[in-house]
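Visitor: Got a minute to walk me through this one? I'd like to hear about the helices before anything else.

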Amino acid sequence: MIPLRKNIALMAGYVPGFQPKDEKAWIKLNTNENPYPPSPKVIEAILAEVGEGLRKYPDPASQAGREEAARLYGFDPEWLIMANGSDELLNNLIRAFAGEGEEIAYVHPSYSYYSTLAEIQGARVHTFRLTQDWRLADFPECYQGKLFFLTNPNAPLGFTYPLDFIEELAGRVEGMLVVDEAYADFADENALELVRKYQNVIVTRTFSKSYSLAGMRLGLAVARPEVIAALDKIRDHYNLDRLAQAAAVAALRDQDYFRECVRKIRETREWFSGELRVLDYGVIPSSGNYVFASPPDRDGKRVYDALYQRRILVRYFSDPTLAHGLRITIGTREEMEKLVAALAEIG
Ligand code: PMP
């Protein structure tokens, strides 16, 4: 027996979405990737970085990306931190705020990786259930845990919480309120303004979805400088490599490309949601780059299997509260047309 910490020995570990080996043979709509390539300016910037300079360490503070993002969002750079994917930020938030035996909470259903990260740390996890109208059941007047993660837009369901509700939560959470805005670029609203108003609010973002850079691993967070300074202390000192830093700056600068990509995905999302309704699917109006939809017989597994046979990958959750539906990433219009034809055939 190796002398592992007990909680590591007992934990199952997070299982990311399935990645087929022959990716090109599939229509892959299971991990909320962007169907469009990154901006050509991002590719150029990465290629310009490939060369003898790679023998040197990258800027430990990722200052260029941080300044670019700060300008874009209207904050001073001390309010921002860059990370190796937003997963790195979630991990470091738990390490910074939740000690062994202390509690963190999140909403079920949302991103279950929070729970895995808490298990690693030895923190306790509480989950709040959703009510019929997408509020939180039994949320106390004052939640005393160290961190509360609110995924907004919700993943996998796609709805958004109203901003005034998030603001109310900021006042009711004694610890930190982490608004995980991985999908906020596809929504109409975001919680950045609350960061200025409440010292316990932190917003996390990713470049994996709206900037088409899941393969580069880039994320960022916006919070009060004292929170950012704490996260800065505990991250890997060279957490972003040179290619990722160059990609981040170029992606943030090319806002025209970014806006056009987001526009196309939102347009396809609305068209696809309409087609699903024609097929008698139950569809939750989505503010993300995915849709949660239930087939007429509410058997998500049956449809998942039939799509898999046709080499179309979507996300099925065996969790009983979600097994009635599927989370389907918005691909190109052409991919979604093929999916609609397959769904009509499957029935
Ligand atoms: N939060 C949510 C809600 C997500 O769905 C994901 C992606 N699976 C992440 C965070 C992590 O994104 P990243 O690729 O930036 O680590």
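**Helix packing and beyond**

Guide: Sure. Helices α2 and α9 run roughly antiparallel to each other, because their packing angle is about 150° and anything over 145 degrees counts as roughly antiparallel. Keep in mind that this is a predicted model.

Visitor: How far apart are the axes of α2 and α9?

Guide: The axes of α2 (residues 40–49) and α9 lie 8 Å apart. The crossing of these two helices is right-handed.

Visitor: Which residues of α2 meet α9?

Guide: From α2 you have Lys41, Val42, Ala45, Ile46, Ala48 and Glu49. On the α9 side they meet Arg242, Leu243, Ala246, Ala247, Val249, Ala250 and Ala251. By class, that contact has 10 nonpolar residues, three charged and no polar ones.

Visitor: OK, and what about α3 and α9, at what angle do they pack?

Guide: Helix α3 (residues 63–73) and helix α9 (residues 242–253) pack at about 20°, with axes 8 Å apart. That angle is under 35 degrees, so α3 is roughly parallel to α9.

Visitor: Is the crossing of α3 and α9 left-handed or right-handed?

Guide: Left-handed for α3 passing α9, whereas the crossing of α2 and α9 is right-handed.

Visitor: Which residues make the contact between α3 and α9?

Guide: Ala64, Gly65, Glu68, Ala69 and Leu72 in α3 meet Gln245, Ala248, Val249, Leu252 and Arg253 in α9. The contact of α3 with α9 splits into six nonpolar, two polar and two charged residues. Val249 is listed in the contact with α3, and Val249 is also listed in the contact with α2.

Visitor: Let's switch to the ligand. Which residues are around it?

Guide: Here's the list: Gly85, Ser86, Asp87, Tyr111, Thr151, Ala155, Asp180, Ala182, Thr206, Ser208, Ala214 and Gly219. That shell divides into six polar, four nonpolar and two charged residues.

Visitor: What does the domain assignment of the chain give?

Guide: It gives domain 1 as 16–35 + 256–346, and domain 2 as 40–253. Their C-alpha centres are 25 Å apart.

Visitor: How many residues of each domain are in contact with the other?

Guide: 23 residues of domain 1 are in contact with 18 residues of domain 2. On the domain 1 side, the elements that give two or more residues are α10 (255–278) and β10 (290–294). The largest share of that side comes from α10, with five residues. By class, the domain 1 side has 11 nonpolar, seven polar and five charged residues.

Visitor: Anything odd in the backbone? Which peptide bond at Pro109 is cis?

Guide: The one from His108 to Pro109, with omega near 0°. Pro109 is in the loop between β3 (103–108) and α5 (113–121). Another cis peptide bond joins Asn152 and Pro153, where omega is about 0°. Pro153 sits in the loop between β5 (147–151) and α6 (163–172).

Visitor: And what is the phi of Arg217?

Guide: Positive, about 60°, although Arg217 is not a glycine. You'll find Arg217 in the loop between β7 (201–206) and β8 (219–222).

Visitor: Why point those out?

Guide: Because most residues other than glycine have a negative phi, and most peptide bonds are trans.

Definitions and conventions: Residues are numbered from 1 along each chain as its sequence is written. This is a predicted model: local features need pLDDT of at least 70, side-chain atom pairs count only at pLDDT 80 or more; totals for chains, interfaces and linings use all residues. Axes are lines fitted to C-alpha atoms, for helices over the stretch in contact, and angles run from 0 to 180 degrees between N-to-C directions. Helices (H or I, at least four residues) and strands (E, at least two) are DSSP runs, numbered from the N terminus. Angles under 35 degrees count as roughly parallel, over 145 as roughly antiparallel, 65 to 115 as roughly perpendicular and the rest as oblique. A crossing is left-handed if the near helix is turned anticlockwise from the far one by less than a right angle, and right-handed if clockwise. Two residues are in contact if their C-beta atoms, placed from the backbone, lie within 7 Å. Ala, Val, Leu, Ile, Met, Phe, Trp, Tyr, Cys and Pro count as nonpolar, Asp, Glu, Lys and Arg as charged, and the others, Gly among them, as polar. A residue is near a molecule or strand if its C-beta atom, placed from the backbone, lies within 6 Å of it. Domain bounds come from an automatic or database domain assignment.
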